[in-house]
There are 2 protein chains.
Amino acid sequence: MESPRDLLRRRHRLLGPNTPTFYREPVHIVRGRGEWLWDRDGNRYLDCYNNVPHVGHCHPRVVAAIAEQAARLNTHTRYLHADILDYVERLTERFADPLASAMLVCSGSEANDVALRMARATTGRTGIIATDNTYHGNTDLISQLGSRTTPIGGYAPWVRHVPSPMGTRTADGEITADESSLFADFVQSAIGSLEEDGHGIAALIVCPYFANEGFPSLEKGFLDETAARVRKAGGLVIADEVQPGFGRLGSDFWGHQRLGFQPDIVTLGKPMANGHPVAGVVTSQEIMAEFRNAIPYFNTFGGNPVAVSAAAATLDVLDREGLVPRAQETGRYALDRLRAIEASHGAIRAARGAGLFLGAELVDAQGAPDRVLAGLLPDAMKRNGVLLNVTGRHRNILKIRPPMSIDKSGIDILCDTLMRVLDELT
Amino acid sequence: MESPRDLLRRRHRLLGPNTPTFYREPVHIVRGRGEWLWDRDGNRYLDCYNNVPHVGHCHPRVVAAIAEQAARLNTHTRYLHADILDYVERLTERFADPLASAMLVCSGSEANDVALRMARATTGRTGIIATDNTYHGNTDLISQLGSRTTPIGGYAPWVRHVPSPMGTRTADGEITADESSLFADFVQSAIGSLEEDGHGIAALIVCPYFANEGFPSLEKGFLDETAARVRKAGGLVIADEVQPGFGRLGSDFWGHQRLGFQPDIVTLGKPMANGHPVAGVVTSQEIMAEFRNAIPYFNTFGGNPVAVSAAAATLDVLDREGLVPRAQETGRYALDRLRAIEASHGAIRAARGAGLFLGAELVDAQGAPDRVLAGLLPDAMKRNGVLLNVTGRHRNILKIRPPMSIDKSGIDILCDTLMRVLDELT
């Protein structure tokens, strides 16, 4: 059997250098089921990281839907097909008016690429604001929103990055209301700069959970003032629900609902069809018409019958297995356990999250981000049979985001292993 | 049952206006197999248009590969997996050196979006040249290459569109060598303009079959002078094989091989996995490294285990069923029959093509493009049970591009129907 080293060499040759992998010693996964993954040596891992297999790896209902539709028909939306309409009806029912129309594409990147152009077509302006520690995808346009790597060709003059919210908690665990105004002020300043340079503001795009920013704890209404200022300047608000969407947060089906604001455009991706390449853009009929009348957009694979079957089956499973309320309950249990670890381990601070999107900061004795520990912990957890990772500006925030099928016994395995590994490493 | 009119109304409401469909009375397809499609009323259509179901609609081997892998594992390339490496090895074996590495993505648009940035990262320049009657995809960046619709926000200063080759035949059926030099001159002039404006040339991107341009008959070596001039100016040549690739042309596996030139970057899409959302970029290890060292590109669904299984099964079927040589033979038979129709019907001229990518011009009595006939013919063919369409600058060139599984009896149905419909319409 090919060794991991040989596989890595072959990867380097065939896929190129710098093709990202997880872990210093990448894992060779060959099988998955529910929240479990197996490597080629038969070792089992509890998946506490992947949100793409949203209702569980290889869920039989989603697999059957894909297999049946692939055997029946897989064309495209230039022919009429009822399934895509039925699906979009079911999907848009989960949004407040006027978000009642949708476009299906293949990836979150494609969705965000369309969303920014929808905002530009609607507003007639070009300026875009994103946070300074985010990721919204990999097309040329969307690479402008990332702040970790300079896009090929450099940054465009129409983009502004504003400081990410920190969600600093007061002593009693509450968020200071000031941060909401502070974020609105940053956005206002970026609007001013875009207007001064003649771009104006087309859109603010944010993940409503600020997932890559380290999902700071933010109060409901946090974005209200910001959204009002963006709209006053004639811009739209885009919520990228690729990470928090489809019920992951437990309390609400969408991250923007949890934060209590209404976006103009919503983009969807990863968990939408449990791993089948499906993504989407949901917006009002007016904004959709502005875009579709500006360019005759067609996406060959987007919304094809198999894609729609996979996406519909994923919704079916979420509903029939009651996974959203269950995520809330399991997530509460997990957060309690994380807070108990925080109480007993100095290396863990500010345990937080919602539903099955949880984490905590890894800090040193002075309370500063512990990058060394954060660098060691994911590999140590992996060696102990649990997959997770770190995120945030300092890459020191534990990112725990298992398939929605995980139960309390899975959370116990995760937390028991985390305690053991923290003991080993600290 | 919902009427087509009600379906169209629901589409308009849920997907937006101007969502493109084929045919004035769009067809409601519910089932496919091989080169056959069935509508919801049980009517059967011979599919002479769709290249996405490359080895035939719902090919059981591809369906089984998707179903089996979807039930086993569907993660992503951040974990090690041997299948993607085995596939990329098989794929790149079909290219001449140094095209030995590949990146897998979800759509031809994503592939071309990456390819242009590869060229920019490698050359340090930004200018891009495309033809003036083409389509390479739908991202913001790639929408700049299309000439039919102004991109949202207008054209960028770094793009130039050169006149598409016409492939005008001389009396004895040969192409005048002049057109090759003429095209090279147009490209040279665009290079000069890009250099004058400080962009320089990063890449020329062409479909090596000039499919959307109406696939003019071009001699081998047509692009040699052009490619030499692009390279002399420091640019790269990108071949978009989304339409001619994977053996469709019969004589060669790739369109650029048929035209006899070596591109620096090749992009792949639609037929790659018989309808599963898979696309790719093939290039040298050097160019891949320039890109991957410039930005840490990761594509969540790109090259996942199910995508790779679908793509590998498509290659399996092509090879085991000998579909490429068969496409050459069936295509020759089809071209002979089209030329016989041309000889007997004044409305058909310049029948042409290669393998199973064929067509002919629809012309009026003066030999000018007959847009009226071209507007009527696809719907009339559809009513008679054959799906095809028109393309080219004047939308008067028949585009015949059936699944590779079609045989001579299918060609006979196509050609007999075409003769009958031409008799009816002219």
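In which loop of chain A does A:P98 lie? A:P98 is found in the loop between α3 and β4 (99-105) of chain A. Helices and strands here are DSSP runs numbered from the N terminus, helices being H or I with at least four residues and strands E with at least two.

Before I continue, a word on conventions. The model is predicted, so that local features need pLDDT of at least 70 and side-chain atom pairs count only at pLDDT 80 or more, while totals for chains, interfaces and linings use all residues. Residues are numbered from 1 along each chain as its sequence is written, chains are lettered from A and ligands numbered from 1 in the order in which they are written, and side-chain values use heavy atoms, with hydrogens and water left out.

I return to the loop. A cis peptide bond joins A:D97 to A:P98, with omega at about 5 degrees. In chain B, B:D97 and B:P98 are likewise joined by a cis peptide bond, again with omega of about 5 degrees. B:P98 has its place in the loop between α3 (82-92) and β4 of chain B.

The backbone holds another feature of interest. Most residues other than glycine have a negative phi, and most peptide bonds are trans. A:F215 is not a glycine, yet its phi is positive, at about 35 degrees. This residue sits in the loop between β7 (201-206) and α6 (224-232) of chain A. A:F215 is buried, at 1% relative accessible area; buried means under 20%, exposed over 50%, and partly exposed in between, using a 1.4 Å probe and protein chains only. In chain B, B:F215 also has a positive phi of about 35 degrees without being a glycine. B:F215 is located in the loop between β7 (201-206) and α6 (224-232) of chain B, and it is buried with a relative accessible area of 1%.

How are the two chains related? Two copies of a chain are related by a rotation about an axis and a shift along it. Here chain B is superposed on chain A by a rotation of 180 degrees with 0.0 Å of shift along the axis, at an RMSD of 0.0 Å; the fit is by least squares on the C-alpha atoms of residues with pLDDT of at least 70 in both copies. That is the relation of a two-fold axis. Within chain B, the C-alpha nearest the axis belongs to B:A67, at 2.5 Å from it. Of the interface residues of chain B, 100% are also interface residues in chain A, so the copies meet through the same surface.

Let me turn to the packing of helices. In chain A, the axes of helix α4 (residues 108-123) and helix α8 (residues 285-294) come within 8 Å and cross at roughly 90 degrees. That makes α4(A) roughly perpendicular to α8(A), a label for angles of 65 to 115 degrees, where under 35 is roughly parallel, over 145 roughly antiparallel and the rest oblique. The axes are lines fitted to C-alpha atoms, for helices over the stretch in contact, with angles running from 0 to 180 degrees between N-to-C directions. On the α4(A) side, A:V114, A:R117, A:M118, A:A121 and A:T122 meet A:I287, A:M288, A:E290, A:F291 and A:A294 of α8(A); contact means heavy atoms within 4.5 Å.

One of these residues, A:V114, lies in helix α4 of chain A and counts as buried at 0% relative accessibility. Leaving out residues up to four places away in sequence, A:V114 touches A:M103, A:V281, A:F291 and A:Y297.

In chain B, the buried residues of helix α8 (residues 285-294) are B:I287, B:M288, B:A289, B:F291 and B:R292. Their cover includes α1 (4-15) of chain A, together with elements of chain B, among them β4 (99-105) and α4 (108-123).

Two further buried positions of chain A deserve mention. A:T283 is in strand β10 (residues 279-284) and is buried, with 0% relative accessible area. Beyond four places in sequence, the contacts of A:T283 include A:P98, the proline of the cis peptide bond, and A:M118. A:L91 belongs to helix α3 (residues 82-92) and is buried, its relative accessible area being 0%. Outside its neighbours up to four places away, A:L91 touches residues including A:F246, A:W254 and A:M272.

Finally, which residues of A:Y87's contact list also touch A:L91? Among them are A:F246 and A:M272.
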